[in-house]
Amino acid sequence: MNSPRSILHVDMDAFYASVEQRDNPELRGKPVIVGGTSGRGVVAAASYEVRKFGVRSAMPIRRALTLCPHAICVRPRMRRYAEVSAQVFAIFNDYTPLVEGLSLDEAYLDVTASLGLKGDPLHIARDIKQRIAIETALTASVGVAGNKLVAKIASDLDKPDGLTVVTAETLQTVLDPLPVRRLPGLGRKKGEQVHAAGLTTLGARTRRRHRRSARHR
Ligand SMILES: [Mg+2]
């Protein structure tokens, strides 16, 4: 058997929108959409204030403005986001060389070999969140687990500014009740098909297998 690993998935909260709100105080507490300013194109990022209206990333701006007509559209400043991203990734690299970036604002960190030196995974996760807060004045959500998939699911469970640890002991309790759409990479269409097939939660298949094995007993 493989020896247990400790993986962190760190995901900045509403990254582009949060950078804009940090840099422009007049945007703080307001519904901010980062994306085209002419009413065309799609939402690149949505602040938490605008998400309350149902606005999501990748949604056409036109639709977003129907949902929230008073939203403030801000043109993306990719060079700025890349600068902040470099600051955040420099923090990650202080904890492990095994950093796998997924985008400017998201990465897996394998801290298995760092544990003795830097404390347990929970301690490392808290430390990283605190350093991000101090050094960038932004928040991140972190998932801690024994593999990348579960760490990624976990980082999404307590957003924003979240920290969720899933151990081998709590794995099923945490994952089983989650809706299937929580599975990264499933996609909306495939998710609907899986849902239509009666598998509404991540635990659905597991339960059916349990029933079957009980019958055979
Ligand atoms: Mg993010």
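User: Which elements do the buried residues of H7 pack against?

Analyst: They pack against strands E1 (7-12), E6 (106-110), E7 (140-145) and E8 (163-165), and against helix H8 (171-175). Packing here rests on contacts, meaning residue pairs whose C-beta atoms, placed from the backbone, lie within 7 Å. Helices (H or I, at least four residues) and strands (E, at least two) are DSSP runs, numbered from the N terminus. One thing to keep in mind is that this is a predicted model, where local features need pLDDT of at least 70, side-chain atom pairs count only at pLDDT 80 or more, and totals for chains, interfaces and linings use all residues. Residues are numbered from 1 along each chain as its sequence is written.

User: What makes helix H7 "mostly covered"?

Analyst: Six of the eight residues in H7 (148-155) are buried, namely Val150, Ala151, Lys152, Ile153, Ala154 and Ser155. Buried means that 20 or more other C-beta atoms lie within 10 Å of the residue's own; 12 or fewer would make it exposed, and anything in between partly exposed, with C-beta atoms placed from the backbone.

User: Why is the pairing in the sheet E3-E2-E4 called mixed?

Analyst: Happily, E2 shows both kinds. Strand E2 (32-35) runs antiparallel to E3, with three bridges, and parallel to E4, again with three bridges. Both count as pairs because DSSP needs to find at least two bridges between two strands. Isoleucine 33 stands opposite alanine 46 in E3 and opposite cysteine 73 in E4.

User: What makes E3 and E4 edge strands?

Analyst: E3 (43-46) and E4 (72-74) each have a single partner strand, so one side of each has no neighbour in the sheet.

User: How do you know that both faces of E2 are covered?

Analyst: Val32 and Val34 on one side are buried, and so are Ile33 and Gly35 on the other. In a regular strand, side chains alternate between the two faces of the sheet.

User: Why is H1 called roughly perpendicular to H4?

Analyst: H1 and helix H4 (78-93) pack at about 95 degrees, with their axes 10 Å apart. That makes H1 roughly perpendicular to H4, because the label covers 65 to 115 degrees, while under 35 is roughly parallel, over 145 roughly antiparallel and the rest oblique. Axes are lines fitted to C-alpha atoms, for helices over the stretch in contact, and angles run from 0 to 180 degrees between N-to-C directions.

User: Which residues meet where H1 and H4 touch?

Analyst: Phe15, Tyr16 and Val19 in H1 meet Arg80, Tyr81 and Val84 in H4. By class, this contact has five nonpolar, no polar and one charged residues. Ala, Val, Leu, Ile, Met, Phe, Trp, Tyr, Cys and Pro count as nonpolar, Asp, Glu, Lys and Arg as charged, and the others, Gly among them, as polar.

Note on methods: Two residues are in contact if their C-beta atoms, placed from the backbone, lie within 7 Å.
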